[in-house]
Amino acid sequence: MSQSDTSNIQALSTEVTQLRQELQLRDQLVQQLSQELFRLVKGNTSFIPQKSESEPDLKQLQALQEQLQAVEQQVTFYQEQITARDAEIYQLRQTVQELTDRSRMLEQVVQELPQIYRRKFEERMAPVREKVAILQRENRQLQAELQSVSYRLALKSRNANHSGIDLPSFPRPTSEETSISPVPNS
């Protein structure tokens, strides 16, 4: 998983946490506003106008109605925001899930890479090993032949050296020639 993916996931997680907190705060505000509204409308019997109303009561009633409308608008606004945030949270969860799935897939690929590289290396090395084995066999054969030739040459050269010196062969003298004739003195 890359560092940017990790930081994106952390940022999304932080934002989701913040959105949840805002959502809880708004839920509490909506709850309080609805309780206050309920209390104002249901709990106040003097809130219901009487037939004989005075001018200040009418003004107060109008002010309360305006407040009620403002509160209703706020509630509507907050509900729209809550709905928008819910959709955003859902989309962020989907994104987080997709990124988590992707990171798991990438981690699995990273774990499988050494095995893939080993297998590919072995596939590439098999022909090289075969060629080395062939060359080693040829080398042994050539060395054996070289030793055989060297041995034969050594035998031939030894036989040639031990046969003795080649002396000229002279014909053997016959019996007449064996007698030594005197050398004349002059």
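**View 1. Arg26 is buried yet has no salt bridge.** The nearest side chain of opposite charge is Glu22, 4.0 Å away. This is a predicted model. Arg26 is found in helix H1. What does the side chain of Arg26 make a polar contact with? The partner is the side chain of Gln81, at 3.0 Å. Leaving aside residues up to four places away in sequence, Arg26 touches Tyr78, Gln81, Ile82 and Arg85. Gln81 therefore appears twice in this view, as a residue that Arg26 touches and as its polar partner.

**View 2. Arg85 and Glu22 form a salt bridge between two helices.** Their side chains meet at 3.8 Å, N to O. The pair links distant parts of the chain. Arg85 sits in helix H2, while Glu22 belongs to helix H1. They lie 63 residues apart. Are these two residues buried or partly exposed? Arg85 has 24% relative accessibility and counts as partly exposed. Glu22 is also partly exposed, at 31% relative accessible area. Both residues recur from the Arg26 view: Arg85 is among the residues that Arg26 touches, and Glu22 is the nearest side chain of opposite charge to Arg26.

**View 3. Arg104 and Asp101 pair within helix H2.** The side chains meet in a salt bridge of 3.8 Å, N to O. Why are the two separated by about one helical turn? They are 3 residues apart in helix H2. Arg104 is exposed, with a relative accessible area of 52%. Asp101 counts as partly exposed, at 39% relative accessibility. Side chains of opposite charge can pair when their charged atoms come close.

**View 4. Arg129 and Glu122 meet in a salt bridge.** The N to O distance is 2.9 Å. Arg129 is partly exposed, with 45% relative accessible area. Glu122 is partly exposed as well, at 41%. How many salt bridges does the structure hold? The count is 3.

**View 5. The largest nonpolar core has 7 residues in all.** Its members are Ile9, Leu12, Val16, Leu19, Ile89, Leu92 and Leu99. Which elements give two or more residues to this core? They are helix H1, residues 3-42, and helix H2, residues 55-162. H1 gives the most, with 4 residues. These two helices also hold the Arg85 and Glu22 pair, with Arg85 in H2 and Glu22 in H1.

**View 6. The whole chain has 3 helices and 0 strands.** From the N terminus on, the elements run α-α-α. What share of the 186 residues counts as buried? The figure is 10%. Arg26 is one of the buried residues. Contacts with a separation of 6 or more come 80% from residues 24 or more positions apart. The accessible surface of the protein chain comes to about 16600 Å². Carbon and sulfur atoms account for 53% of that surface.

Technical notes: Residues are numbered from 1 along each chain as its sequence is written. This is a predicted model: local features need pLDDT of at least 70, side-chain atom pairs count only at pLDDT 80 or more; totals for chains, interfaces and linings use all residues. Side-chain values use heavy atoms; hydrogens and water are left out. A nonpolar core is a set of buried Ala, Val, Leu, Ile, Met, Phe, Trp, Tyr and Cys residues joined through side-chain atoms within 4.5 Å. Buried means under 20% relative accessible area, exposed over 50%, partly exposed in between (1.4 Å probe, protein chains only). Lys and Arg count as positive and Asp and Glu as negative; His and the chain ends are not counted. A polar contact is a pair of N or O atoms within 3.5 Å; within protein, one must be able to donate a hydrogen and the other to accept it, and residues adjacent in sequence count only if both atoms are side-chain atoms. Contact means heavy atoms within 4.5 Å. Accessible areas come from the Shrake-Rupley method with a 1.4 Å probe; for residues, only the protein chains shown count as cover.
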